[in-house]
Amino acid sequence: MKLHRIQVTNFKGVTQQEIDFPSQGVTVLEGQNESGKSSVIQALDLLLEERHTAKTKATRAARPEGRDVGVSVEAELTLDGQRLLYRKRWWKEAGAELQFLAGPRSGHSLTGREAHDAVTELMNRSDPALWRALRLLQTGQHSQDFKASAGLRRALEAGGTAVNDDSAALTVLEAARLERSKYFTDTGKEKAETTALRRDHQDALTGHQSAQAALDTIARAVDSYDRAVAEATTARDTLARARQDLADAEAAATAVHTLQAERQQAQQAHQHATSHAQGAAQDHQERTRLVQEVQASQLQRDQLEASVAQRQLTTQASQDAAHHARSALTQARGELRLARTTDRDAQAAERRAADMSRLADLTAVVAQLDELQSEGAALATQQVTAITAEQVESLETAQRAVELAQSQLDAGSAQLTVSALAPGVQVEWDGTTTALDPDQSRQQPVTEPVTLELAHQLRIMVEPEDGLQQRQAQVRTAQDTLDSLLATTDVDSVQHAREALRLAQQHATHRESLDERKALILRGRTEHAVREETSALAAALEAAGATGVSASSAAGAAAESEHRPPADQLRAAVEAASAQLESAQDATARCEQALQQSEAQEHKDQLALTQVRTELANSEQVHTSALDRLSEARSMISDDDLVQARSEADQHLTEATANLERLNAAWTSSDADNVLQLARGSRTRVDNAQKRLDEARAQQSRAEGTLEGLNRDAVQREYDSTRTRVLTSAEELTTHLRRAAAAKLLADTLERHQAEAHRRYNAPFRRQLELLGQRVFGSTFQVELSDDLTVTRRHLHGTWLEVDALSTGAQEQLEVLVRLAIASLVDPEDGVPVVLDDTLGHTDPRRLISLAGALETVGSSAQVIVLTATPDRFGALSAAKTVRIQESP
């Protein structure tokens, strides 16, 4: 069944809604809660199930609350190969119309009950069980009866060994089990009825022996009676021989039936041996592929290890260079601090030379402070982006993640290489013409469709592989993270961030330099104190008379000058200290520049080493995964045992073929018709012998009159009664035991074959489910299924967990994957839409991206309809059709 269009009018809260659906692909119906998304599916069910005259609970629930209007649903769909336009109205102007748009009945129209019955018949032929099973609705009511689907059964039988698991076969098995339960308990013991039959037969034998003894006593007394019974004895003997001959004839007929059963078993054994041989061959091919995969991953890992070793040497060299640069910078800064100390000491000595020199020095200091203040004001007007080293490091980490994701995308993608075999070859590569010379080639990873055209003669289109979308999503995720960080830090690129950090550091260094120069000038004093001291000295000098000083100050200065070195010597010391300070500053700047260059080279080498190590880690993961799969396969069966199993399977197939041919030849030579005819003739002979025996017994009864005085009648009746009881009980017991054995053999055989058949029958579904699951949960995803295709356990972190032990999100994801697997297995002509109504509410964003890939994969050949009130949940669907459901006013 395919749904092409649906139009809903006055259905519950939906006033008018029309939706077109593509023949295949994913369609997402978005809308707020109670906007009418689920009502679309409910309206389709009402159209397909309820007559237009129905006054049921479903039709009453469909009628809008508080509005006296009719409900109308119209759908264009394909059922059983016929495209239909089907319309129904309830309550107001009720009616039903059906038009056949395409197919065997194209152009025909039906109305009323005939229209409903025609669609019902088409639905019954279009796998209604599959339509019920492939829906996950908000109500939580969804079918798990997957095996009731005829389309799925055909798909599984085409993918594995055909299994006769229809209702008739199940009825035969249930009947066989019921018949077996009449004779045996669940533990295999005989039931009370069998025991009672055995006891009755033994009692009959005992009673018959007593009657025989009494009859023998009378027989010895009356010879005449013996002669009377002689004829009856002869008749009985004749009947016994006839029965023996009948038994022999029936045994021969049984042998013919047995031979027929053996032929059927041999045919089943031949089919099983054929399937087993094919499976063994497939297992052997898979083992060869695993070994080759391990060898290839080992070679790649060895190459990357060599590259890592080379990068480590390069990185160690750059680290050593950076370490030497840091040591030199530390030493230069120590010498700078010493030079500053010497300079401060020399200036302090010079200041003590004289108050006049002090005033001049203070005046110069004030001028320098003014200059520094001007430089600080100019520096404050400069605009510097506020960014920290931690932010730059985060940006660099995000950029490395983008580069790593891109390198993984390129490394994991197919490589397209074009080489010229002749001079002057013109190749048009994605619309750009490129000339290639001999021994010249061009190579690029196939991360998007590539078109090659050769001299307007040949066009080659190369499509990327299926797994590309996940790696591209990883690149986009890493790029989005980088873009977010760039937006947060208000820069355009990582290089811009580095430049902003460098300018900010230079700005801070300049500010620190101004602070250091100011501190150098002030020598530990505050600017306010210096200015106050200068003002005080100037005032004092002015009060003393221009350049003069007070008497006490002059006397103190004269006394101090007698013990102080000459001024020129102090000046020379200051100049020497200043020269030493400038030299130390230049040396420090050179060391800082050398360290910056060394650290940049170290960072570059470290980045290259990290990238190679990442590639090595990925390669080791691939190699480990390949080894694990190979080890797991070998743990279940070794290579030699696998080869031996294939050889044995081939040998079993040869033996089964020979046995079947032998039984076919035996059947031909068994002369079955004559054997069965002989059995029928033997039965007629037994009937005639029985008639003669009855006549002999009648003659015997006439002779019994002479034995009345001896109570012959009573003894004979007892004898006949016990003998009849013995024969009857023996026949009942024999028949009962034969039926019990046959019932047990039949039930045991059918159960054994059913169990084996179900295991083969479920294999294609399990493979498809695990293939989809590995795209969502990873390559180790495995499940176990029950006979009714229900997931019972999942393999997780090295152990098997029951489904009930999984998280709510994992259970919901399995429910979705089961229906997607069924939809992908069923022939598109037999398929029905997959309906997911607000599912995956407990699924994390990363898992939603993986599930989107699974939805689109299945949507390439089937219809998938997703109803959601949370559009972001399915935002990773790139090719889906989106329909916005607006809430009715």
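**View 1. Strand 10 shows two faces, one buried and one not.** Along strand 10 (residues 425–429), Val425, Val427 and Trp429 point to one face and are buried, while Gln426 and Glu428 point to the other and are not. Buried here means under 20% relative accessible area, with exposed over 50% and partly exposed in between (1.4 Å probe, protein chains only). Strands (E, at least two residues) and helices (H or I, at least four) are DSSP runs, numbered from the N terminus. This is a predicted model, in which local features need pLDDT of at least 70 and side-chain atom pairs count only at pLDDT 80 or more, while totals for chains, interfaces and linings use all residues. Residues are numbered from 1 along each chain as its sequence is written, and side-chain values use heavy atoms, with hydrogens and water left out.

**View 2. Trp429 has partners in strand 11 and strand 13.** Strand 10 pairs with strand 11 (residues 432–436) in the antiparallel sense over five bridges; to count as a pair, two strands need at least two bridges found by DSSP. Here Trp429 sits opposite Thr432. The hairpin leaves two residues between the strands, and Asp430 takes a positive phi near 55°. Strand 10 also runs antiparallel to strand 13 (residues 450–454), joined by three bridges, and on that side Trp429 stands opposite Leu452.

**View 3. Strand 6 takes part in two hairpins, one with strand 5 and one with strand 7.** Strand 5 (residues 82–90) and strand 6 (residues 95–102) are antiparallel, with seven bridges, and Arg83 faces Ala102. Four residues lie between these two strands, and Trp91 in the turn has a positive phi of about 70°. Strand 6 then pairs antiparallel with strand 7 (residues 109–111) over three bridges, Glu97 having Thr111 as its bridge partner. This hairpin has six residues between its strands, with Gly103 in the turn at a positive phi of about 115°.

**View 4. Five strands make an open parallel sheet.** The order is 8-18-19-3-20. Strand 8 (135–136) and strand 20 (881–884) are at the edges with a single partner strand each, so one side of each has no neighbour in the sheet. Four bridges join strand 18 (residues 834–837) to strand 19, where Asp837 stands opposite Leu867. Helix 1 (residues 37–49) lies across strands 3, 8, 18 and 19, at about 135° to strand 19. Helix 20 (residues 845–859) lies across strands 3, 18 and 19, at about 125° to strand 3. These angles run from 0 to 180 degrees between N-to-C directions, with axes fitted to C-alpha atoms, for helices over the stretch in contact.

**View 5. Thr868 belongs to strand 19.** Buried or exposed? Thr868 is buried, at a relative accessible area of 0%. Leaving aside neighbours within four places in sequence, Thr868 is in contact (heavy atoms within 4.5 Å) with Val28, Leu29, Glu30, Gly31, Lys37, Asp838 and Phe874.

**View 6. Helix 10 packs against helix 11.** The axes of helix 10 (residues 389–412) and helix 11 (residues 468–489) come within 9 Å and cross at roughly 165°. That makes the two helices roughly antiparallel, a label for angles over 145 degrees (under 35 is roughly parallel, 65 to 115 roughly perpendicular, the rest oblique). Residues making the contact include Leu395, Ala398 and Val402 of helix 10 and Val475, Ala478 and Leu482 of helix 11.
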